[in-house]
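Biologist: Could you take me through this one? I'd like to hear what stands behind each label you use.

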Amino acid sequence: MPSDSDDDLISRIAKGDRLAFKVLFARHQVRVFRFILRFVRDEGAAEDLIGEVFLDVWRQADRFEGRSSVSTWILGMARFKALSQVRKRGESELDEEAANALPDEADTPETVAQKVDKAAAIRRCIEALSVEHREIVDLVYYQEKSISEVAEIIGIPENTVKTRMFYARKRLQDLMTEAGVDRGWP
Amino acid sequence: MTNETPGSPDFDERRALSELLPWYAAGTLSPQETARVAAALKVDPTLAEELDIVREDQAASIVLAEAMAVPPAGTIDRILARIDAEPLTSAHRVAKVKAGLVDWIVERFAAFQPRTLAYAGVAAALVLVAQAGIIASFVTGGSSTFQTASYGTAQTATGFEGTFALVGFAPTANAQDISALLQANGATIVDGPRAGGLYRVRIGARGLSQPEIDRILGQFRTQTGVVRFVGPSN
C-alpha cells in the first residue's frame, strides 16, 4: 500500500502514475491557482498557467531532488510563469490595477471608518499593497511558508525576506493610518 | 516599536524579534526561534501588542485569499488531455519498460517446473519484487542482480498498515501459484523472508475482525500445495 506524502506522489509521478498526479493536483490546485491569480488577475490566464505548472510537474518529477518541499517547488514554478505572463502584458496595466485598489482619497478618515470595520479596512489596505509586498504577505500568512521557503520561491536571501516582510507590514500600517485607523505600531 | 522598556532587548534584538513575528504567528519558525520569540514576549509587552497586530493582518490575509476564485471544474481533465497528447518523457519510458520487465520475469519463472526452481523463497521473492515494483539494473545498467525489499526497510516497516499474517510457502510453490493465492485473498507480501523462510503478508485493513482473520487464514491453509505454514503476525 503506497503512502501519500507529496514526496511519494512525486516519485510515483516520475514513473508515469496518473493517479498520483491527480492526487497531487487535487491537494495543491487551490493554493497554487490563487497564488497565480494574485499576479495575473485573470481567472482564464490563471487556469492556463496552472496547467503549464502541472505539466512541468509531470515532465520534471524525476528531477525533483527533495531539497525543498514539493509545494515550495511548485510555487516557485508558478511564480516564474506568472511573472513571465505579467511582463508580457506590460507593467502599465499592473500599475493601473494597483492604483485602482488604493483607498479613495475623497473619503475622509472618518467616513472610511464609518464605511468599514477594522478587519475590512485591513483587507482593503492589504489589497492596496504593492505586488511585491502582497506576494510576501500571501506566502507567509496564507501559503504558510517558512523564511527559507519564501527565500527559495522568490529567489532572495533570507535576511531580505525578513526585511521585505517587515516593510510590507510597515506599509500596511501607513495605509491603515491614512484610512483613519491607528493601531499603535510602529 | 520601542526599545525603552527596562529589561527589554536592545534595539537590534528588538528589531530582529519584530521581523520574526509573522512566522511566529504562522507557526513556521524553527523550534529554537519559536522559543526565542516566546521568551521575549513574556518580558516585552510592546512585542505582545505588535503580535496582536500581526495576527489581525494574518487573519485578514487569509480571509482575502479564501475569498478568491478556485480553479474551474475540469482543469485536471484538460491537463491530462495535454499529457496524453505529448510524447512520454524518458523517465516515464524507462518506468514503463521496467514494469514490463517485472511482468515478463514473473511469467518466465512461473512457467518453470518446481524441480527447476527448487526454492519457494525464490518464487516468493519474485512476487515480492513484482508487488513492490522494486527491480534494479535491467534497464539502467549496473550489476544484473535483483534488489528486493529487505526486512525492516522504511518501505516495508512504515509503508503498510493493516492486518498481517506470517506465511511460509511450500518448496514446490511457484510464483504464479503464490500470486494467484495472494490475489484471490486480496493479500500482499510486505516483507521477508524472516527466520524460517516466513513472509509477512498483509491480509486486510487494520482492525479486521477475528472471524474474518480466521476465514482468510483458513483459505491459505487449504492451499497445501502452495502454503506450508500460516499464522497470525503483529
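Modeller: Sure. Helices here are DSSP runs of H or I with at least four residues, strands are runs of E with at least two, and both are numbered from the N terminus. Keep in mind that this is a predicted model.

Biologist: Okay, what do the elements of chain A look like from the N terminus on?

Modeller: They run α-α-α-α-α-α-α-α-α-α. The secondary structure of chain A comes to 10 helices and 0 strands.

Biologist: Why is α1(A) called oblique to α2(A)?

Modeller: The axes of α1 (residues 6-14) and α2 of chain A come within 8 Å and cross at roughly 140°. Angles over 145 degrees would count as roughly antiparallel, and 65 to 115 as roughly perpendicular. The crossing falls in neither range, so α1(A) is oblique to α2(A). As for handedness, α1(A) passes α2(A) in a left-handed crossing.

Biologist: Which residues of α1(A) and α2(A) meet there?

Modeller: From α1(A) you have A:Asp6, A:Leu9, A:Arg12 and A:Ile13, and from α2(A) A:Ala20, A:Phe21, A:Val23 and A:Leu24. By class, that contact has 6 nonpolar, no polar and 2 charged residues. Asp and Arg count as charged, so A:Asp6 and A:Arg12 are the charged pair in that list.

Biologist: What makes a set of residues a nonpolar core?

Modeller: They have to be buried residues of the nonpolar kinds, Ile, Val and Cys among them, joined through C-beta atoms within 7 Å. The largest such core has 68 residues, and those with the most contacts inside it are A:Ile13, A:Val32, A:Ile36, A:Cys125 and A:Val140. Helix α2 of chain A (residues 18-40) gives the most to this core, with 11 residues. There's also a second, separate core of 21 residues, including B:Leu182 and B:Ile203.

Biologist: Which residues is A:Val32 in contact with, leaving aside its neighbours within four places in sequence?

Modeller: A:Val32 is in contact with A:Ile50, A:Val53, A:Ile74, A:Leu75 and A:Ala78.

Biologist: And how many residues of chain A and chain B take part in the contact between them?

Modeller: Chain A puts in 46 residues and chain B 39. On chain B's side, α1, α3, α4 and α5 each give two or more residues, and α3(B) gives the most, with 12. That side of chain B has 22 nonpolar, 8 polar and 9 charged residues.

Note on methods
Residues are numbered from 1 along each chain as its sequence is written. Chains are lettered from A and ligands numbered from 1 in the order in which they are written. This is a predicted model: local features need pLDDT of at least 70, side-chain atom pairs count only at pLDDT 80 or more; totals for chains, interfaces and linings use all residues. A residue is buried if 20 or more other C-beta atoms lie within 10 Å of its own, exposed if 12 or fewer, and partly exposed in between; C-beta atoms are placed from the backbone. Two residues are in contact if their C-beta atoms, placed from the backbone, lie within 7 Å. Axes are lines fitted to C-alpha atoms, for helices over the stretch in contact, and angles run from 0 to 180 degrees between N-to-C directions. Angles under 35 degrees count as roughly parallel, over 145 as roughly antiparallel, 65 to 115 as roughly perpendicular and the rest as oblique. A crossing is left-handed if the near helix is turned anticlockwise from the far one by less than a right angle, and right-handed if clockwise.
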